[in-house]
Amino acid sequence: MKETHHDRPTATTALLTLSHGSRHPEAAANVMALTHAAGELAGVPATAAHLEFNNPPLDEAARCLAAQGIREAVVVPLLFTEGYHQRIDVPEAVAQASSASGVRLHQARGLGTGEDMARLLAERVPEGTDTVVLYSVGSSDERANAAVAGLARRVGELAGCTAKVAYATRGARQPVDSGGEQEVVVPLFVSPGLLLDRLDEDAGRSDGETRQILPPLGEALAGIVSHRYAEVAHA
């Protein structure tokens, strides 16, 4: 757990989600829907912010909270791995937003690639699936890619099928051929994105009919986001 201040959160602590951001026209609305769902589970005010591409940025979202009389919030990064954004961009954005708004911001863990995420993904895999392909953006940080590969293996164990991983930005726009098996692609995406649209287009041009592409995780992540909030707010 990382905090911009060492004081513990108060009972009126709000929830702020922080996404990477996307140029996809539906991304911001989907992040907001997830944020509201997580806020309802936590029973607290909740709003969304973004690192880039979408509005509001974190400092603006924090100032909006301040205008509502809210003086404290937990920031949950909507990121799966400990890559550059999680390690560098998020702490810098949290510190800047806290200073600019006067709202005490506490940084929670990101979504992660742990057991709770593995179980959530495995529950989405239909019965009778031969192979599950975990489709991730990919990272220049090999540790982040290794974490995703480990998550894929665990999803396969829980779902009782073969598991593979494909990266959208590492020369793998389209997952491996299904080879006639029942293959399910599980996007490790919070919301719709341009990379997912490309995947759908590739699948539409494929001559196989045994591949199923699941939607992005969206509001299914509300429980994990609420839990990340509670880890800090109720510590």
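**Helices and a parallel sheet in a predicted model**

In helix H7 of this predicted model, Ala 222, Ile 224, Val 225, Ser 226, Arg 228, Tyr 229, Val 232 and Ala 233 are buried.

Me: What makes Arg 228 of H7 count as buried?
Reply: Buried means under 20% relative accessible area. Arg 228 is listed among the buried residues of H7, so its relative accessible area is under 20%.

Me: How do you know what span is expected of H7, residues 222-233?
Reply: The expected span is 1.5 Å times one less than the number of residues. H7 has twelve residues, for which 16 Å is expected, and the helix reaches 16 Å from its first C-alpha to its last.

Me: What makes strands S8 and S9 a pair?
Reply: Two strands pair if at least two bridges are found between them. Three bridges join S8 (residues 183-187) to S9, so the criterion is met. Val 185 has Ile 213 of S9 as its bridge partner.

Me: Why are S7 and S9 called edge strands?
Reply: The open sheet has the order S7-S6-S8-S9, with parallel pairing. Strand S7 (162-167) and strand S9 (211-213) each pair on one side only. From one strand to the next, the twist averages 25°.

Me: What makes up the contact of H2 with H3, by class?
Reply: Seven nonpolar, two polar and two charged residues form it. Asp and Arg count as charged, and the H2 side includes Asp 59 and Arg 63. Among the residues of H3 in the contact are Gln 96 and Ser 101, and these residue types count as polar.

Definitions and conventions
Residues are numbered from 1 along each chain as its sequence is written. This is a predicted model: local features need pLDDT of at least 70, side-chain atom pairs count only at pLDDT 80 or more; totals for chains, interfaces and linings use all residues. Side-chain values use heavy atoms; hydrogens and water are left out. Helices (H or I, at least four residues) and strands (E, at least two) are DSSP runs, numbered from the N terminus. Buried means under 20% relative accessible area, exposed over 50%, partly exposed in between (1.4 Å probe, protein chains only). Axes are lines fitted to C-alpha atoms, for helices over the stretch in contact, and angles run from 0 to 180 degrees between N-to-C directions. Contact means heavy atoms within 4.5 Å.
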